[in-house]
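This report looks at a protein together with its ligand, and at the open spaces in the protein. Please keep the sequence and the structure in view while reading.

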Amino acid sequence: MNSPVIRLNDGYEIPQLGFGVWQVPNAGAAAAVTAAIDAGYRLIDTAAAYRNEEGVGDAIAASPVGRDALFITTKLANPDQGYESTLRAFDASMKLLRIEKLDLYLIHWQAVHRGAYLDTWKAFVKLRDEGRIASIGVSNFTVPNLERLRDETGVMPSVNQIELHPRFQQKALRAYHAKAGIATESWSPLGQGSLIDDPQLAAIGRKYGKTAAQVILRWHLDLGLIAIPKSVTPARIVENFDLFDFRLSEEDIAAIDKLDRPDGRIGPDPEVFG
Ligand code: NAD
């Protein structure tokens, strides 16, 4: 079965469930991405900083489904922020991925102390206007910086990819995104695996004949989010895509809602990182 899609503010569609490859070594990336494509994933989420774009490119080249059926995301690394350096970094990523056009390019972190995200965004807009990228977005951005991009360029990002999982639900930022027409993409959707052992999630899963991982990912989909779980284990890659034959009840969504914690963040704080 195919993933449902979400329509972005630029008219393009993005699959709601994708495959992330952070911490997958370049040498293992082709096998992992190939297993994901075989399981039905079409959205692949990499980044220059992951140093595995070449391995991802190998899987794209060998893919039985063809380039146009895939949705490829990569991200600009923090040290490459700036107008000219972004144009150069984009070319380098495309050379490794070996594709003609990118589906989604993200500024990996706002990295405010570098003072360069606005010039970076101007280069993104140019690459999009030239037809080299379909959709442009950001990752780990806060509201004032999203608004600055829009106010200075007239282009609001299509996507903000942020840390989001049941223990860190980002309710305020999600509400802002909904008003501003920005799609929310959840990184570390499984809390980097830390939520899998939660007994409450396992108990919810038993009602549907599903695992805790499947319950968490279904929660992202039921909230209208885009989720990009990572695994290199073929059985888990398949398990994490086997979500389209159930939906969580309102009662179960309300129970998961209560797992949100003010200190639930696992990754770096976007206000200071980068
Ligand atoms: P995740 O939440 O997807 O968890 C992955 C880990 O969970 C795996 O390594 C494995 O240990 C475990 N796991 C996965 N499936 C499982 C299953 N079915 N059963 C039991 N355990 C399972 O964590 P992640 O890799 O940090 O995040 C996913 C993707 O998000 C990354 O690969 C990357 O593409 C993206 N990401 C982006 C940023 C960013 O700054 N934009 C930061 C982190 C991650």
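## Where the ligand sits

Which pocket is the space taken by the ligand? In this predicted model, the ligand takes up the space of the largest pocket, and that pocket has a volume of about 790 Å³.

A useful way to picture such spaces is that a probe the size of a water molecule, rolled over the atoms, shows where empty space is left.

## The residues around the ligand

The ligand is surrounded by 26 residues, and the closest of them are Asp-45, Ser-139, Gln-161, Ser-188 and Leu-190. When this shell is sorted by class, it divides into eleven nonpolar, ten polar and five charged residues.

Three side chains can be followed atom by atom. In Asp-45, a polar side-chain atom lies 2.7 Å from an oxygen atom of the ligand, and in the side chain of Ser-188 an N or O atom is likewise 2.7 Å from an oxygen atom of the ligand. Glu-239 approaches another kind of atom, with a polar side-chain atom 3.1 Å from a nitrogen atom of the ligand. On its own the ligand has 830 Å² of accessible area, and the protein covers 89% of that area.

## The lining of the largest pocket

Around the largest pocket there is a lining of 34 residues, of which Trp-22, Gln-23, Ser-188, Gln-192 and Lys-230 lie nearest its centre. Ser-188 therefore deserves a second look in the structure, as a residue listed nearest the centre of this pocket and also listed among the closest to the ligand.

By class, the lining of the largest pocket is made up of 16 nonpolar, 13 polar and five charged residues.

## The second largest pocket

The second largest pocket holds about 320 Å³ of space, and its lining consists of 23 residues, with Glu-13, Asp-68, Ala-69, Leu-70 and Phe-71 nearest its centre. Sorted by class, this lining has twelve nonpolar, four polar and seven charged residues.

Which strand gives the largest share of the lining of the second largest pocket? That share comes from β2, with three residues. Both β2, which spans residues 13-15, and β7, which spans residues 133-139, supply at least two residues each to this lining.

How values were computed: Residues are numbered from 1 along each chain as its sequence is written. This is a predicted model: local features need pLDDT of at least 70, side-chain atom pairs count only at pLDDT 80 or more; totals for chains, interfaces and linings use all residues. Side-chain values use heavy atoms; hydrogens and water are left out. A residue is near a molecule or strand if one of its heavy atoms lies within 4 Å of it. A polar contact is a pair of N or O atoms within 3.5 Å; within protein, one must be able to donate a hydrogen and the other to accept it, and residues adjacent in sequence count only if both atoms are side-chain atoms. Accessible areas come from the Shrake-Rupley method with a 1.4 Å probe; for residues, only the protein chains shown count as cover. On a 1 Å grid over the protein atoms alone, a cavity is a set of points where a 1.4 Å probe fits but cannot get out, and a pocket is an open set with protein on both sides within 12 Å along at least five of seven lines; lining residues have an atom within 4 Å of a point. A molecule sits in a cavity or pocket if more than half of its atoms lie within 2 Å of its grid points. Ala, Val, Leu, Ile, Met, Phe, Trp, Tyr, Cys and Pro count as nonpolar, Asp, Glu, Lys and Arg as charged, and the others, Gly among them, as polar. Grid points are joined across faces, edges and corners, and a volume is the space filled by probe spheres set on the points. Helices (H or I, at least four residues) and strands (E, at least two) are DSSP runs, numbered from the N terminus.
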